[in-house]
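Reader: Hello! I am in my first year and would love a close look at one part of this protein. Could you walk me through its cysteines and the parts around them?

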Amino acid sequence: MRRTLDCLCFWCWATVGALAALGMISLGPIALGPALIAGVALSASATARRSRFGLVAGAGLVFLYVAYLQRQGPGTTCWRTATATGCNQHLNPIPWLLIGLVLLVAAIVLQTRLGIRHRSPRSRPAAPADP
């Protein structure tokens with residue numbers, strides 16, 4: 001049951017992280033305000049605070065999404081349909097992809113290590129030696 005709760009809290013933090021990242025790169029206060037409110041609400045719980053690396057994972061997912069959107073770049077790509085034509089500018093997706101992967105993998109590794117540390121049995125004091 002605890003693992004399920006930790007996983008749920010991790011993805012709640014990931015949602016907050018994604019919202020904050022969107023606020024930083026595009027939406028501004030429209031996304032930053034709700035992210036701040038949700039972050040404060042989550043940090044009030046000790047159980048949720050254990051899953052705080054989800055923030056980093058959420059930001060990594062936003063970077064991966066931007067890399068996906070820019071997958072035809074870098075440069076200009078043109079398109080044509082029966083009724084319209086146009087061209088689009090695309091960024092280089094490689095930096096977005098690399099940053100997104102590093103953030104996502106780091107968050108998962110750190111959260112896993114934190115979870116293992118909290119679940120490991122505590123060391124017991126040594127029993128006194130028999131005389």
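Author: Happy to help; we will go from the cysteines to the core and then to a patch on the surface.

A word on the basis of this account: the model is predicted, so local features need pLDDT of at least 70 and side-chain atom pairs count only at pLDDT 80 or more, while totals for chains, interfaces and linings use all residues. Residues are numbered from 1 along each chain as its sequence is written, and side-chain values use heavy atoms, with hydrogens and water left out.

Let us begin with bonding. A disulfide is a covalent bond between the sulfur atoms of two cysteines. Here it is taken as a pair of cysteine sulfur atoms within 2.5 Å. The whole structure has one disulfide. Its partners are Cys78 and Cys87, with sulfur atoms 2.0 Å apart. The torsion about their S-S bond is about 95°, so this disulfide is right-handed.

How open are these residues to the outside? Buried means under 20% relative accessible area, exposed over 50%, and partly exposed in between (1.4 Å probe, protein chains only). Cys78 counts as exposed because its relative accessibility is 56%, while Cys87, at 48%, counts as partly exposed.

Now for two cysteines elsewhere. The sulfur of Cys7 is too far for a bond, because the closest cysteine sulfur, in Cys9, is 9.4 Å away. Cys7 is partly exposed, with 40% relative accessibility. For Cys9, the closest cysteine sulfur is in Cys12, and at 6.0 Å that is also too far for a bond. Cys9 is buried, at 9% relative accessibility.

Cys9 leads us to the core. A nonpolar core is a set of buried Ala, Val, Leu, Ile, Met, Phe, Trp, Tyr and Cys residues joined through side-chain atoms within 4.5 Å. In the largest one, Cys9 is joined by Trp13, Val16, Ala35, Leu42 and Ala48, making six residues. Helices H1 and H2 each supply at least two of them, and H1 gives the most, with three. Helices here are DSSP runs (H or I, at least four residues), numbered from the N terminus. Leaving aside neighbours within four places in sequence, Trp13 is in contact (heavy atoms within 4.5 Å) with nine residues' worth of company, including Gly39, Leu42, Ala48 and Leu55.

Finally, Ile25 also lies in helix H1. With 43% relative accessibility, Ile25 counts as partly exposed.

Notes. Helix = DSSP H or I, 4+ residues; strand = E, 2+ residues; numbered from the N terminus.
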